[in-house]
Amino acid sequence: KYAVKRTRKSIQLVFIGALHHAHHFKGLDVLLQALKEIGSDKLKLSVIGTGELKEYYEQLTHKLGLTDKVNFLGFLSDAELPAALRQADLLVFPSTGKAEAFGLVVLEAMAAGLPVLASQLPGVRTLITQQDLLVEPGNIKDLAAKLALVTENPARLSQIGRKNRKLVEKKYTWDNIIDQLEALYAGLIN
């Protein structure tokens, strides 16, 4: 049900984030430069999000010669997002700064059965179980190398996606969160 569809010849990456000055730390520029570094025709990127920097990122995409590999989808509603995630093979979360505390997008992608390649930031890294899918924040070469590894073994993405879905079901459902909160409160009261 959550397996990556290998009917395509390319691997569909997805980036989700606001394209605003205040959210520049999301690292889209790092991701675009990493795609240029790899130069692989196997990787395609969908960018979900909008903001005053959208034109800047579109120009950077053109300047890097990636217009045939990157598709800017703009804003998607909560109702539209699951369908977009089902079309993806991998969420890339290349945040560059410690302003990224947890990364709810990472959890949403994992709930959709997607593997995630993310920056090794304190909150974010607690969600990622595969150490080889963590990258040094802001390091274009590290991100490019990890993306290149994905192209070498795309079947592994299905396995990771299934594990991610199971992890979310085990630890992050509302029922589990409520149980954890109740246990915390009971411990504080006693």
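This is a selection-by-selection tour of a predicted model, starting at the sheet and ending at the helix pairs.

**The sheet**

Select the strands first. There are 6 of them in an open sheet, ordered E3-E2-E1-E4-E5-E6, and their pairing is parallel. In general, strands of a sheet pair through backbone hydrogen bonds, either parallel or antiparallel. At the edges sit strand E3 (70-74) and strand E6 (134-135), each of which pairs on one side only.

Now select strand E4 (90-93). Its two faces are both covered: Leu90 and Val92 point to one side, Leu91 and Phe93 to the other, and all are buried. On the E1 side, E1 and E4 are joined in the parallel sense over 2 bridges. Show Leu13 here; the residue opposite Leu13 is Leu90 in E4.

Move to the other neighbour of E4. The parallel pairing of E4 with E5 runs over 3 bridges, and Phe93 stands opposite Ala118 in E5. Continue outwards to the pairing of strand E5 (residues 116-119) with E6, which is also in the parallel sense and has 2 bridges. Keep Ala118 selected, as its bridge partner in E6 is Leu134.

With E5 and E6 still displayed, add helix H4 (residues 104-111), which packs on the sheet. H4 touches strand E1 (11-16), E4 and E5, and its direction makes about 170° with that of E4.

**Lys146**

Select Lys146, a residue of helix H6 (residues 140-152). Is Lys146 buried or exposed? Its relative accessibility is 16%, so Lys146 counts as buried, the cut-off being under 20%. Leaving aside residues up to four places away in sequence, Lys146 touches Leu117, Asp132, Leu134 and Val135. Leu134 is the E6 residue already shown as the bridge partner of Ala118. For a distance check, select Pro82 as well: Pro82 and Lys146 are 64 residues apart along the chain, and their C-alpha atoms are separated by 25 Å.

**Leu35**

Next go to Leu35, in helix H1 (residues 28-38). Leu35 counts as buried because its relative accessibility is 4%. Which residues does Leu35 touch, not counting those up to four places away in sequence? They are Leu13, Leu43, Leu45, Leu66, Val70 and Leu147. Leu13 was met earlier, opposite Leu90. A C-alpha to C-alpha ruler from Leu35 to Leu107 reads 24 Å, and the two are 72 residues apart in sequence.

**The aromatic pair**

A search of the whole structure turns up 1 aromatic pair. Select Tyr56 and Tyr57: the ring centres are 5.1 Å apart and the planes are at 65°, so the pair is edge-to-face. As a rule, a pair of aromatic rings is described by the distance of the centres and the angle of the planes. Colour both residues by accessibility. Tyr56 counts as partly exposed, at 38% relative accessibility, whereas Tyr57 is buried, with a relative accessible area of 2%.

**H4 and H7**

Return to H4 and add helix H7 (residues 155-171). H4 and H7 pack at an angle of about 110°, and their axes are 7 Å apart. H4 and H7 are therefore roughly perpendicular to each other. To see the contact, select Leu107, Met110 and Ala111 in H4 together with Asn164, Arg165, Leu167 and Val168 in H7. How do the residues of this contact of H4 with H7 divide? There are 5 nonpolar, 1 polar and 1 charged. Leu107 is also the far end of the distance taken from Leu35.

**H7 and H8**

For the last stop, keep H7 and add helix H8 (residues 174-189). Here the packing angle is about 40° and the axes lie 6 Å apart. The two helices are therefore oblique to each other. The residues to select are Glu169, Lys170 and Lys171 of H7 and Asn176, Ile177 and Gln180 of H8, which make the contact. Coloured by class, the contact of H7 with H8 shows 1 nonpolar, 2 polar and 3 charged residues. For the contact of H4 with H7 the division was 5 nonpolar, 1 polar and 1 charged.

Technical notes
Residues are numbered from 1 along each chain as its sequence is written. This is a predicted model: local features need pLDDT of at least 70, side-chain atom pairs count only at pLDDT 80 or more; totals for chains, interfaces and linings use all residues. Side-chain values use heavy atoms; hydrogens and water are left out. Axes are lines fitted to C-alpha atoms, for helices over the stretch in contact, and angles run from 0 to 180 degrees between N-to-C directions. Helices (H or I, at least four residues) and strands (E, at least two) are DSSP runs, numbered from the N terminus. Angles under 35 degrees count as roughly parallel, over 145 as roughly antiparallel, 65 to 115 as roughly perpendicular and the rest as oblique. Contact means heavy atoms within 4.5 Å. Ala, Val, Leu, Ile, Met, Phe, Trp, Tyr, Cys and Pro count as nonpolar, Asp, Glu, Lys and Arg as charged, and the others, Gly among them, as polar. Two strands pair if DSSP finds at least two bridges between them. Rings of Phe, Tyr and Trp (its six-membered ring) pair if their centres lie within 6.5 Å; planes under 30 degrees apart count as stacked, over 60 as edge-to-face and the rest as tilted. Buried means under 20% relative accessible area, exposed over 50%, partly exposed in between (1.4 Å probe, protein chains only).
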